[in-house]
Amino acid sequence: MSSKTYIKSYCHIKNNSILLNGELLYKGPEKESFVNFIKMAYKDLETDYSKFFKMDSLSKLAFLGADVLLKHENVVPEKEENIALVFSNNASSLDTDRKYQKSIEDNDNFYPSPAVFVYTLPNICMGEISIKHKLYSENSFFIFENFNPDYLHAYSAGLLKENKAEKVLCGWVNVDQEQYTAYLYLVTKEKTEIPHTIIEINNRF
């Protein structure tokens, strides 16, 4: 697909670091656990969303990455911008699924938690982002064995071409115990220095 779309900005969260457009935004202690790192990053970046601490790990990762990008782009809830969300990973909600399974597998110690169960779908993380930023546009969460820039490119470019969204926040958010990666980027029709191509998407991953 020949698409006149562009990457406005992008964010990485990995190795206890947060980068915005390739520049280090926050660096946590090297051997800190993901749970502690993401809490420290939330506080350091002055993120304001009290429900954050009730989220599962996947939602915290996606939420913080999206919040960094959307604040950088001056997206405020009052504008109610038409930004679609297109996310992907290879572990689905497995990290949370394990925790829920552990709570129900022992008949003598049976304590299913609704607070955990609610996060046993990967797309719940997009709901948290949508609530915070008042996004009412399309959202989709895809499961791939590996990062799939071809599909993400075609899908996001199609949304913009068909005017189903003005911008698309898309990428990869994956958590499996202490292994985690977030790579999110904002696609727009507004011309920037980074063309929205499969090569550019993959190079930044």
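Student: What makes β4 count as mostly covered?
Tutor: In β4, 7 of its 7 residues are buried. Buried means under 20% relative accessible area, exposed means over 50%, and partly exposed is in between (1.4 Å probe, protein chains only). A strand such as β4 is a DSSP run of E with at least two residues, while a helix is a run of H or I with at least four; both are numbered from the N terminus. This is a predicted model, in which local features need pLDDT of at least 70, side-chain atom pairs count only at pLDDT 80 or more, and totals for chains, interfaces and linings use all residues. Residues are numbered from 1 along each chain as its sequence is written, and side-chain values use heavy atoms, without hydrogens and water.

Student: Which residues of β4 are buried on one side, and which on the other?
Tutor: Ile 83, Leu 85, Phe 87 and Asn 89 are buried on one side, and Ala 84, Val 86 and Ser 88 on the other. Both faces are covered.

Student: How do you know that β4 and β6 pair?
Tutor: Strands pair if DSSP finds at least two bridges between them. β4 and β6 have 6 bridges, in the parallel sense, so they pair. Ile 83 stands opposite Lys 167 in β6. β4 also pairs with β5 in the parallel sense, over 5 bridges, and Leu 85 has Asn 139 of β5 as its bridge partner.

Student: Why is the pair of Phe 147 and Phe 205 called stacked?
Tutor: Rings of Phe, Tyr and Trp (its six-membered ring) pair if their centres lie within 6.5 Å; planes under 30 degrees apart are stacked, over 60 edge-to-face, and the rest tilted. These two rings are 4.1 Å centre to centre with 10° between the planes, so the pair is stacked. Phe 147 lies in the loop between β5 and α6 and Phe 205 in the segment after α7, so the pair ties together parts that are 58 residues apart in sequence.

Student: Are these two rings buried or partly exposed?
Tutor: Phe 147 has a relative accessible area of 13% and is buried. Phe 205, at 37%, counts as partly exposed.

Student: Why is Cys 11 in no bond with Cys 170?
Tutor: A disulfide is a pair of cysteine sulfur atoms within 2.5 Å. The sulfur of Cys 11 is 13 Å from that of Cys 170, its closest cysteine sulfur, and that is too far for a bond. Cys 125 is in no disulfide either; its nearest cysteine sulfur, in Cys 170, is 13 Å away. The whole structure has 0 disulfides. Cys 11 is buried at 2% relative accessibility, and Cys 125 is buried at 0%.

Student: How do you know that the span of α6 agrees with what it should be?
Tutor: The expected span of a helix is 1.5 Å times one less than its number of residues. For the 13 residues of α6 that gives 18 Å, and its end C-alpha atoms are 18 Å apart, which agrees.

Student: What do the buried residues of α6 pack against?
Tutor: They pack against β4, β6, β7 and α7. Among the buried residues of α6 are Leu 152, His 153 and Ser 156.

Student: What does Glu 178 touch?
Tutor: Glu 178 touches Ser 33 and Phe 34, residues up to four places away in sequence not being counted; contact means heavy atoms within 4.5 Å. Glu 178 sits in the loop between β6 and β7 and, at 44% relative accessible area, is partly exposed.
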